[in-house]
Amino acid sequence: MSIDLKNLEITYKKLYEISVQIGQLIERELYSDLLGFIERKDQLLAESAELLDKANAHRENTAHLHELFTKFAEQEKLNIEALSRIRDKIEDELHKISADKKIVGAYAAPEEKHQGNILDFRE
């Protein structure tokens with residue numbers, strides 16, 4: 001096993017660990033802490049792409065790494081689903097708030113004083 005292939009395996013393991021940590025932050029609703037982890041994950045993804053290209057250029061067998069990457073991909077799918085549920089919940093709340101604001105605004109407006117004029121027959 002070459003150094004590039006070994007580094008790729010280590011990178012995949014790191015990706016999985018970071019993805020699990022992101023999932024834990026989502027569960028604990030610590031959204032402000034996500035950005036650093038997501039940036040690190042993006043760096044590792046770029047690094048893994050380079051290492052994979054090198055391994056493929058040397059025609060190395062990467063089949064045993066498929067399981068590690070699949071594990072990472074499944075965790076990412078879970079993270080995306082969790083964030084999608086949160087997004088949907090926020091959208092519902094925003095819709096409710098918007099509707100409430102419209103109702104309150106409609107009834108909170110000061111009544112217009114009706115002043116008659118020559119053409120106004122209501123007075």
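# Close-up views of a helical model

**View 1. F72, a buried ring.** With a relative accessible area of 6%, F72 falls under the 20% cut-off and is therefore buried. A word before you zoom in: this is a predicted model. Two residues outside helix α3 are worth showing here. One is S19 of helix α1, which has F72 among its contacts. The other is K41 of helix α2, which also touches F72.

**View 2. The cluster of Y12, F69 and F72.** The structure holds 2 aromatic pairs. In one of them, the ring centres of Y12 and F69 are 5.3 Å apart; their planes meet at 50°, so this pair is tilted. Y12 belongs to helix α1 and F69 to helix α3, so the pair ties together parts that lie 57 residues apart in sequence. How buried or exposed are these two rings? Y12 counts as buried, at 8% relative accessibility, while F69 is partly exposed, with a relative accessible area of 34%. F69 also pairs with F72: this pair is tilted too, at 5.7 Å from centre to centre and 55° between the planes. Because F69 and F72 are 3 residues apart in helix α3, about one helical turn separates them. Through these ring pairs, Y12, F69 and F72 are linked into a cluster.

**View 3. A lysine over the face of Y16.** Which residue sits over this ring? K71 does, lying over the face of Y16 at 4.6 Å from the ring centre.

**View 4. The largest nonpolar core.** This core has 17 residues, and L8, Y12, I26 and L65 are the members that touch the most others. Helices α1 (3-27), α2 (34-57) and α3 (66-108) are the elements that each give two or more residues to the core. Of these, α1 gives the most, with 8 residues. Y12 will be familiar from the second view, where its ring pairs with that of F69. For L65, look past the neighbours within four places in sequence: its contacts are then L5, L8, E9 and Y12. Two of those partners, L8 and Y12, are named with L65 among the core members that touch the most others.

**View 5. Helix α2 from end to end.** Here is a quick geometry check that you can repeat yourself. At 1.5 Å a residue, the 24 residues of α2 should span 34 Å, and the C-alpha atoms at its ends are 34 Å apart, which agrees. Which residues of this helix are buried? They are L34, K41, L44, S48, L51 and A55. After α2 comes R59, which has a positive phi, near 55°.

**View 6. K41 and S19, two buried residues.** K41 lies in helix α2 and, at 11% relative accessibility, is under the 20% limit and so counts as buried. Leaving out residues up to four places away in sequence, K41 touches L15, I18, I22, F72 and E76. S19 lies in helix α1 and counts as buried at 0% relative accessibility. With sequence neighbours up to four places away left out again, S19 touches F72, Q75, E76 and N79. F72 and E76 thus appear in the contact list of K41 and in that of S19.

**View 7. The salt bridge of E9 and K13.** The structure holds 4 salt bridges. In one of them the side chains of E9 and K13 meet at 3.5 Å, N to O. Both residues lie in helix α1, 4 residues apart, which is about one turn of the helix. At 14% relative accessibility E9 counts as buried, whereas K13, at 38%, counts as partly exposed. E9 has a further role in this picture, as one of the contacts of L65.

**View 8. The network of R87, D88 and E91.** The side chains of R87 and D88 meet in a salt bridge at 3.2 Å, N to O. R87 also meets the side chain of E91 in a salt bridge, here at 3.9 Å, N to O. Since E91 and R87 are 4 residues apart in helix α3, about one helical turn separates them. Salt bridges with shared partners join R87, D88 and E91 into one network. How accessible are its members? R87 is partly exposed, with a relative accessible area of 44%; D88 is partly exposed at 34%; and E91 counts as partly exposed at 45%.

Technical notes. Residues numbered from 1 in each chain as written. Predicted model: local features only at pLDDT ≥ 70, side-chain atom pairs only at ≥ 80, totals over all residues. Heavy atoms only, no water. Core = buried A, V, L, I, M, F, W, Y, C linked by side-chain atoms within 4.5 Å. Buried < 20%, exposed > 50% of the residue type's maximum accessible area, 1.4 Å probe, protein only. Contact = heavy atoms within 4.5 Å. Expected span 1.5 Å × (residues − 1). Phe/Tyr/Trp six-rings, centres within 6.5 Å; stacked < 30°, edge-to-face > 60°. Lys NZ or Arg CZ within 6 Å of the ring centre and 35° of its normal.
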